[in-house]
There are 2 protein chains.
Amino acid sequence: MAVRRQPKGKKKAVILLSGGIDSVTTLYFAKSQNYKSTAIIFDYGQRHRREIDSAKYIAKLTKTDYYLIRSSFPWVNSSLTKNNLMVAKNRKLGQGVIPLTYVSGRNIIFLSYGFSLAESIKAQSVFLGAHVQDYSGYPDCRPEFLNNFQTAANSGMKSTKIRIVAPLINKSKREIIRMGLDLGVPFEKTWSCYVGERRPCLRCDSCRFRIQAFTDLGMKDPALKS
Amino acid sequence: MAVRRQPKGKKKAVILLSGGIDSVTTLYFAKSQNYKSTAIIFDYGQRHRREIDSAKYIAKLTKTDYYLIRSSFPWVNSSLTKNNLMVAKNRKLGQGVIPLTYVSGRNIIFLSYGFSLAESIKAQSVFLGAHVQDYSGYPDCRPEFLNNFQTAANSGMKSTKIRIVAPLINKSKREIIRMGLDLGVPFEKTWSCYVGERRPCLRCDSCRFRIQAFTDLGMKDPALKS
C-alpha cells in the first residue's frame, strides 16, 4: 500500500499589525491566501495608543498569534510620538510632502523585527500594509525601499528567501476598503486616528483619508456609527 | 572687513556600542577622527548583561551621549538570549559555521535604530564594530550586507546620504587590539564574555578570541588582571 503523504502545513507569514484599515485588511488577505499568520504589534510610544488595542482585538478575533514589541524612539521628533507637537489637521491631502507625522526609519525598524521573527519561525513572507497614498508622504513605504530592504535583510540572515508582501501597494484607500469588505474585515474595530482620543478627531490626515474613502463608496465609516 | 565664517561644527556620528572590544575601539576611532558621537546601547535581554554596564561606563568616561534602547526578541532561539541554551565552549574557532550565539537579524535591527537616530540628529555616519572574524560566523556582519543595508535604509528615509562606517571590517582581533592600544582604549573596562557571570568564563568563543589575541601580542588581557 502506498504511503499517503501528510498534507503540507500552511505557509507561514509574519504580519506587521498596527490596528488600522491597511494592516488589518492585509492580515485578512493573508488569511484568505491560506497563510498561517503571526503578527507583530508595536508599542513605540505612539500617541494614538488605541490602535494597539484594536490590533490586539483583531489578533484575538482572528485567532492570530502575536508578539507585542515595546520599544521607544526617544529621539524621534514626530507628532506621532511627541505629545507637544500638534498633529496636522485639515491639511491638503496627498501633497507628496513628508508630513510631521513621519517617524524616522519606522518601517525600517518594524521590517527588521519582521524578518527576525520570520527567520525564527521559518516563515517565508513578511506582510505589511504599505500603499500608494502613504508613500507619497512616507519614504519608507516606497516600493523601491521595500525591494532594497528585502535584498539587504536576506543578505544578512541565514535564511535568504524571505520576501516582503505588500498586497495593497498600488491601491487607493477606497480600493483597500472595497477589498476589506470582500474579505469580511470588521472595520468598526479598526483605528486610524492619529490624535488618539476617545473618538476619532475626523480632521487629521488619517481620519480624512478614511472618511473620504468610505464616502466615495457611498457608505458611512462603520467606526463612526456607535 | 571680511566676515569671518564660523568654524564648522564637528561631524556627527551614531555609534552602536555594546561594551566589547570591537565597539569600544570603534568609538575611540570615531573620536580620533573628530566625530561627535552619540551612542546607542541595546538591552535586548542578552545573558551577558555586564556588557551593558561596560558600555555605559565607557560612554560616561568618554563623555559620549547615549540612548539605552530596551527591546526584546522574544522569539529568538539563541544561546545569547535564552538561559536554557548553553553557550558553546571550547569549540574550534573560525569554523565559518553560524554559531548558536547567532541572534536572527540582530544587526539589522540595531542598524535600523542607528539610521533612525542618525536622521533625527542629522548625523552623517553610523559606526559599528563588525569585522572579519565575526562575519565568518554571523551573516549580518558581512560587507555585502552592510552595503545593501546602507542602500536600503537611505532609500527609505528623508536623508539619503547616511553611510555605514565599519573601520574594523578587515581587521583581525589582534589588529583591533593593537589599534585600540594606540587609541588609548581602556580594555580592562570592556566586556566580551557571552556567559555573563561575574568573571569571564575564558572558554566561550568571545573569551577565547580575545585571550588569543592578547597572547599573540605578548600581553595579558587587562580585564583578567584584577
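Q: How does chain B lie on chain A, by what turn and what shift?
A: In this predicted model, a turn of 180° with a shift of 0.0 Å along the axis lays chain B on chain A, and the RMSD is 0.0 Å. That is how a two-fold axis relates two copies.

Q: Which C-alpha of chain B is nearest the axis?
A: The C-alpha of B:Ser71, at 2.7 Å from the axis.

Q: And what share of the contact residues of chain B recur in chain A?
A: 100% of them, so the same surface serves both copies.

Q: How many residues does each chain put into the contact?
A: Chain B puts in 36 residues and chain A puts in 36 residues.

Q: Which elements of chain B supply at least two residues each to that side?
A: Strand 3 (65–70), helix 3 (106–121) and helix 5 (143–155) of chain B. Helix 3 of chain B gives the most, with 11 residues.

Q: What kinds of residues are on the side of chain B that touches chain A?
A: There are 19 nonpolar, 12 polar and 5 charged residues on that side of chain B.

Q: Changing topic: which residues in the largest nonpolar core touch the most other members?
A: A:Leu17, A:Val126 and B:Val126, in a core of 100 residues.

Q: What is A:Leu17 in contact with, leaving aside neighbours within four places in sequence?
A: The contacts of A:Leu17 are A:Ser23, A:Leu27, A:Ala39, A:Ile40, A:Ile41, A:Ala55, A:Ile58, A:Ala59 and A:Tyr66.

Q: What lies apart from the largest core?
A: Another core, of 6 residues, including B:Cys193, B:Val195, B:Cys204 and B:Cys207. As background, nonpolar side chains tend to be buried together in soluble globular proteins.

Q: Now helix 6 of chain A. Which of its residues are buried?
A: In helix 6 of chain A, which covers residues 173–183, the buried ones are A:Lys173, A:Ile176, A:Ile177 and A:Gly180.

Q: Why are they on the same side of helix 6 of chain A?
A: Because they cover an arc of only 95° around the axis. In general, an α-helix has 3.6 residues a turn, so residues three or four places apart point the same way.

Q: What comes just after helix 6 of chain A?
A: A:Gly184, which takes a positive phi of about 80°.

Q: Last topic: what pLDDT does chain A average?
A: Chain A averages 85, and 82% of the residues score at least 70.

Q: Which elements of chain A have the lowest and highest mean pLDDT?
A: Helix 4 (residues 132–135) of chain A has the lowest, 69, and strand 4 (residues 125–127) of chain A has the highest, 98.

Q: And what does the predictor give the complex?
A: An ipTM of 0.85 and a pTM of 0.87.

How values were computed
Residues are numbered from 1 along each chain as its sequence is written. Chains are lettered from A and ligands numbered from 1 in the order in which they are written. Copies are superposed by least squares on the C-alpha atoms of residues with pLDDT of at least 70 in both. Two residues are in contact if their C-beta atoms, placed from the backbone, lie within 7 Å. Helices (H or I, at least four residues) and strands (E, at least two) are DSSP runs, numbered from the N terminus. Ala, Val, Leu, Ile, Met, Phe, Trp, Tyr, Cys and Pro count as nonpolar, Asp, Glu, Lys and Arg as charged, and the others, Gly among them, as polar. A residue is buried if 20 or more other C-beta atoms lie within 10 Å of its own, exposed if 12 or fewer, and partly exposed in between; C-beta atoms are placed from the backbone. The arc is that of the directions from the helix axis to the C-beta atoms. pLDDT is the predictor's confidence in each residue, from 0 to 100. A nonpolar core is a set of buried Ala, Val, Leu, Ile, Met, Phe, Trp, Tyr and Cys residues joined through C-beta atoms within 7 Å.
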